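Work through the exercises below with the sequence and the structure at hand. Each task is followed by a solution in steps.

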Amino acid sequence: MVHIVMKEGEYTMTIYGLIKQQKFADAIHILSRELEKHPKSRPALSLLGYCYYQIQDFYNASEWFYRALDKGGEAKAIAFDISKAFDKVWHTGLLRKLSSYGVSGNIFKIIESFLSNRSIKVVLDGQHSSSYSVTSGVPQVSILGPILFLIYINDLPDILTPKVALFADDTTIYSYHDKKPTLVDCLQGAFELEKDLTSATAWGSQWLKPYIKSVAKLASAKVASLYQARHFLTLDSILYLYKSQIRPCMEYCCHIWGGSSNDALSHIDKVQKRIVNIVGPALAANLQPLSHCRNVASSVFWNSLPSSCFPDSYNLQSFKSSVNRYLALQSSFFLFHYSELTKSFPEVEEYKLFYAQSLYKSFAFQDAMKATYLIENQKLATSIIKLQAAIKYTEDDVQGAKSLVDQIPSDDPDTEEERYKEASQKFTTAMNILGYRADLSYNIALCHYKQKHYAPALKHIADIIERGIKEHPELSVGMMTEGIEVRSVGNTKVLHDTALIEAFNLKAAIEYQLKNFNAAKEALTDMPPRSDTELDPVSLHNQALMNVEEKPTEGFEKMQFLLQQNPFPPATFGNLLLLYCKYQYYDLAADVLAENSHLTYKYMQPYLFDFLDAIITQQSSPEEGFRKFDEIAVHHTDTLRKLTKQVQEARQNNNEEAVKKAVNDYDECLERYISVLMAQAKIYWDRENYLAVEKIFRKSVEFCNENEVWKLNVAHVLFMQ
């Protein structure tokens, strides 16, 4: 580490500014030379000379605005910037981007060292707090900081339309018409802006700390302070402080972000639920839900739009043909138009459905449910049930949503299996027309994997690996140097085009499902080698899972790291909890489950949640844990009997496809049932009550007498007696 020793005396800002500008220019020159070697870095070069180009962007935007207004047209613009932008640069993500732009060697190591091992602590009156590691942010007063930030946001303009002006962390997207716009023009402009907003939000969710989550975290910390001080305050005072100091922060600009997903908004809503728990439901009875504020704010905002957006009279017949292009849009902005369409064309039932969907998107759940009751077309029955289920689920009526989902016909084309089958056919057709392509072949293999057709999936994977290694033998280094430290091949475009990483990961997943654990490990070992900072989330997850037996601590750390990223592999959450329970870290499992309750319904199947809940409960209350396991076991036995009947009926009808599906479902259910039995048996095994263990196994003989794990454990119990 190099410490700068400043000379005594005063320094003028002019001299310091000149020195810093010179160092800034030197840093740009060094990085530019490195970036020029890589074709993917061309956009980065324009960013490094950002002053002229970005000011020119804003000049061009202003010119278009003036030109549109001079000709009686219209211009719309949305300006946004990244709050505390320099503090949100994710170090690992930045290093990955630098690597993808071709920065390597000593330059890469210097930047990696510059970002590594940073920590912060608070000093107050000579007292020091503990140090905390910093995994995001670049120093604003440093020479490298601004350059690294520009490289970090280098790909943001790529996902937006050409009508974008960017200056550092300030971004403006706009649309304009140089003549008086028609209603369709207004819709087109709004559609473009909404599309850009969605893209920018997705980019921010991937590379920056989400806004809603950060607001909820700050509000939650303030509520925690109120909870700690509850013995010194009256309940009325706590409620007053919440309404005056905390709630306004969670309502600020809610008309902008109020259309976010329910999963994101749940972070905000849970804060108010904590206050209700503190002051009691009676005192909080008049406290309006936060969703009410968002709905009102959105209504006021959209109703305040210029009347030119909603002309009083227009040719409905021509408008009908034009607006069909936008029927898929389900935002509150188009609520007015769907309402008008249902009035003007009451015979078109599809308009009524889209109107109900737009009400749902505008958070008017009760009105949306009422609107579904007015639709009589039986062809739309399945779509109506799905919308009603979505409304119930959003209102936290999980049982009501589940009962509606159960009403969806089994032959519904929107079922997961049918979608993968259709996707596989489309990918195959595309490859027949375009010839072999690694990405198409991989997607076909993935569709087979999702349908549990492992043999054809492995065939496509073998083809991808064989072609990739044959065309690029330098990427076979992982297969030829097992157990030897080798140099990283990097995240090059060639590696991406061959789809080798994806193929090896999928092969490992298939072998793992087939219980061929050594083959699964070999698949990951054969993968072209990369450093930890270069690994994609799926590879990192799979390596952590496969090597957890030898390096459990490292595996837990990698899983925890992935859980903090967005997005992460969906299986990460459940696998981390299962591993904690496997190694008897029940307290850690309970903490992770409590801290990430919002992920439960999104990433965890109900049966897995119930199983983990029973395991964790068992540690403090074995009887209660056994009761929960017993409920799960009864559910599994009922399912197994139904599946047995389905297998018999399919065989009688000579339906091989149905037989195969029913047998696969039976095997899956049996595996879950065995896990529950073993957890139940362990409760009495730990008490050395082997007779009770034997009774548990005897009750399950109807389904498990051919299972090897079950037979081994029965033999062990009999031996102990």
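**Exercise 1: Two helices in contact**

In this predicted model, His91, Leu94, Leu95, Leu98 and Ser99 of helix H4 are in contact with Phe108, Ile111, Glu112 and Leu115 of helix H5. Task: sort the residues of this contact by character, and state how H4 and H5 run relative to each other.

Solution.
1. The contact of H4 with H5 is made up of six nonpolar residues, two polar ones and one charged one.
2. Helix H4 covers residues 91-100 and helix H5 residues 105-115; their axes come within 11 Å and cross at roughly 170°.
3. Angles over 145 degrees count as roughly antiparallel, and H4 and H5 are therefore roughly antiparallel to each other.

**Exercise 2: Aromatic pairs**

Task: the structure holds twelve aromatic pairs. Classify the pair of phenylalanine 556 and tyrosine 585 by its geometry, then locate its two members.

Solution.
1. The ring centres of phenylalanine 556 and tyrosine 585 are 5.8 Å apart, with 80° between the planes.
2. Planes over 60 degrees apart count as edge-to-face, and the pair of phenylalanine 556 and tyrosine 585 is edge-to-face.
3. Phenylalanine 556 is in helix H27 (residues 552-563), while tyrosine 585 is in the loop between helix H28 (571-582) and helix H29 (586-595); the pair links distant parts of the chain, 29 residues apart.
4. Phenylalanine 556 has 8% relative accessibility and counts as buried, whereas tyrosine 585, at 41%, is partly exposed.

Task: do the same for phenylalanine 626 and tyrosine 684.

Solution.
1. This pair is also edge-to-face, at 5.3 Å centre to centre and 80° between the planes.
2. Phenylalanine 626 belongs to helix H32 (residues 622-652) and tyrosine 684 to helix H33 (residues 656-685), so the pair ties together parts 58 residues apart in sequence.
3. Tyrosine 684 is partly exposed, at 22% relative accessibility.

Task: which residues form one aromatic cluster with Phe556?

Solution. The cluster consists of Phe556, Tyr580, Tyr583 and Tyr585.

**Exercise 3: Positive phi**

Task: describe the backbone and the place of alanine 499 and of glutamine 584.

Solution.
1. Most residues other than glycine have a negative phi.
2. Alanine 499 has a positive phi, near 60°. Its place is the loop between helix H23 (493-498) and helix H24 (500-513), and at 5% relative accessibility alanine 499 counts as buried.
3. Glutamine 584 is not a glycine either, yet its phi is positive, at about 65°. Glutamine 584 is in the loop between H28 and H29.

Technical notes: Residues are numbered from 1 along each chain as its sequence is written. This is a predicted model: local features need pLDDT of at least 70, side-chain atom pairs count only at pLDDT 80 or more; totals for chains, interfaces and linings use all residues. Side-chain values use heavy atoms; hydrogens and water are left out. Rings of Phe, Tyr and Trp (its six-membered ring) pair if their centres lie within 6.5 Å; planes under 30 degrees apart count as stacked, over 60 as edge-to-face and the rest as tilted. Helices (H or I, at least four residues) and strands (E, at least two) are DSSP runs, numbered from the N terminus. Buried means under 20% relative accessible area, exposed over 50%, partly exposed in between (1.4 Å probe, protein chains only). Axes are lines fitted to C-alpha atoms, for helices over the stretch in contact, and angles run from 0 to 180 degrees between N-to-C directions. Angles under 35 degrees count as roughly parallel, over 145 as roughly antiparallel, 65 to 115 as roughly perpendicular and the rest as oblique. Contact means heavy atoms within 4.5 Å. Ala, Val, Leu, Ile, Met, Phe, Trp, Tyr, Cys and Pro count as nonpolar, Asp, Glu, Lys and Arg as charged, and the others, Gly among them, as polar.
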